[in-house]
Amino acid sequence: MIQGRILLLGARRRYDEIVQTVGPATGVDGQADVLLVAANVLATSPAHRDQAIGLCDRAATLAPENAAVLLLLGDLEYQRGDAAAAQRAYRAVLERQPALPVALNNLAWVLAAEGKDSEAALTLARQAVAHVPTDPNFRDTLAFVLRQA
């Protein structure tokens, strides 16, 4: 029920109401799945990126094995310009699911974009493409990594 309300509010671009809906006083603070839905919706609004990151942090504390939370956190941190935090989030995903292609790909991109550890970036990008060779995003990352090296 609450997730549907969050999605409806997001469709209407009523982001401040989403923040209120998942606030500590509402009782959903302990529901990682609800926080993840809210964070995903808030992530579509650059003005609410910090709130989305905060919700991801709360959800990750509640469900530390949830790769979706950590992936979104990595994406949001990178969008915010914090490449180190993005790397930590993607590495945390890979500790839990070492062969998750999207985490391999995203970490490879961040490493290459930052000009750090080009060998690791190349290995990660190749692993992502090996898992899903038809994904154009993964192939694009591999090309980007090769160009940066």
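**Exercise 1. State which residues Thr141 touches, leaving out residues up to four places away in sequence, and whether Thr141 is buried or exposed.**

Solution. Step 1: apply the contact rule, under which heavy atoms lie within 4.5 Å. Leaving out residues up to four places away in sequence, Thr141 touches Asn105, Ala108, Trp109 and Ala125.

Step 2: locate the residue. Thr141 lies in helix 9, which covers residues 136-148. Helices (H or I, at least four residues) and strands (E, at least two) are DSSP runs, numbered from the N terminus.

Step 3: judge the exposure. A residue is buried under 20% relative accessible area, exposed over 50%, and partly exposed in between, with a 1.4 Å probe and protein chains only. Thr141 has a relative accessible area of 3% and is therefore buried.

A note on the model: it is predicted, so that local features need pLDDT of at least 70 and side-chain atom pairs count only at pLDDT 80 or more, whereas totals for chains, interfaces and linings use all residues. Residues are numbered from 1 along each chain as its sequence is written, and side-chain values use heavy atoms, with hydrogens and water left out.

**Exercise 2. Classify the one aromatic pair of the structure.**

Solution. Step 1: recall what is needed. A pair of aromatic rings is described by the distance of the centres and the angle of the planes. Rings of Phe, Tyr and Trp (its six-membered ring) pair if their centres lie within 6.5 Å; planes under 30 degrees apart count as stacked, over 60 as edge-to-face and the rest as tilted.

Step 2: apply the rule. The structure holds one aromatic pair. The ring centres of Trp109 and Phe144 are 3.9 Å apart and the planes stand at 20°, so this pair is stacked.

Step 3: place the partners. The pair links distant parts of the chain, since Trp109 belongs to helix 7 (residues 101-113) and Phe144 to helix 9, 35 residues apart.

Step 4: compare with the exposure cut-offs. Trp109 has 28% relative accessibility and therefore counts as partly exposed. Phe144, with a relative accessible area of 12%, is buried.

**Exercise 3. Identify the residues that touch the most other members of the largest nonpolar core.**

Solution. Step 1: define the set. A nonpolar core consists of buried Ala, Val, Leu, Ile, Met, Phe, Trp, Tyr and Cys residues joined through side-chain atoms within 4.5 Å. In soluble globular proteins, nonpolar side chains tend to be buried together.

Step 2: read the core. The largest nonpolar core has 51 residues, and Ile6, Ile18, Val22, Leu55, Cys56, Leu124 and Val145 touch the most other members. Helix 3 (residues 32-42) gives the most to this core, namely eight residues.

Step 3: examine one member. Apart from neighbours within four places in sequence, Ile18 is in contact with Ile6, Leu9, Gly10, Ala38, Val41 and Leu42.

**Exercise 4. Determine how many salt bridges there are and describe those of Arg80 and Glu65.**

Solution. Step 1: state the rule. A salt bridge is a side-chain nitrogen of Lys or Arg within 4 Å of a carboxyl oxygen of Asp or Glu. By this rule, the count comes to six salt bridges.

Step 2: take Arg80 with Asp50. The closest N and O atoms of this salt bridge are 3.3 Å apart. The pair links distant parts of the chain, with Asp50 in helix 4 (residues 49-62) and Arg80 in helix 5 (residues 67-80), 30 residues apart. Arg80 counts as partly exposed because its relative accessibility is 40%.

Step 3: take Arg80 with Glu77. Their side chains meet in a salt bridge of 2.6 Å, N to O. Both residues lie in helix 5, three residues apart, about one turn of the helix. Glu77 has a relative accessible area of 7% and is therefore buried.

Step 4: take Glu65 with Arg96. The closest N and O atoms of this salt bridge are 3.9 Å apart. Glu65 is in the loop between helix 4 and helix 5, and Arg96 is in helix 6 (residues 83-96), 31 residues apart. Glu65 counts as exposed, at 57% relative accessibility, whereas Arg96 is partly exposed, at 30%.

**Exercise 5. Describe the secondary structure of the protein and the share of its residues that count as buried.**

Solution. Step 1: count the elements. The protein has nine helices and zero strands.

Step 2: turn to burial. Of the 149 residues of the protein, 44% count as buried.
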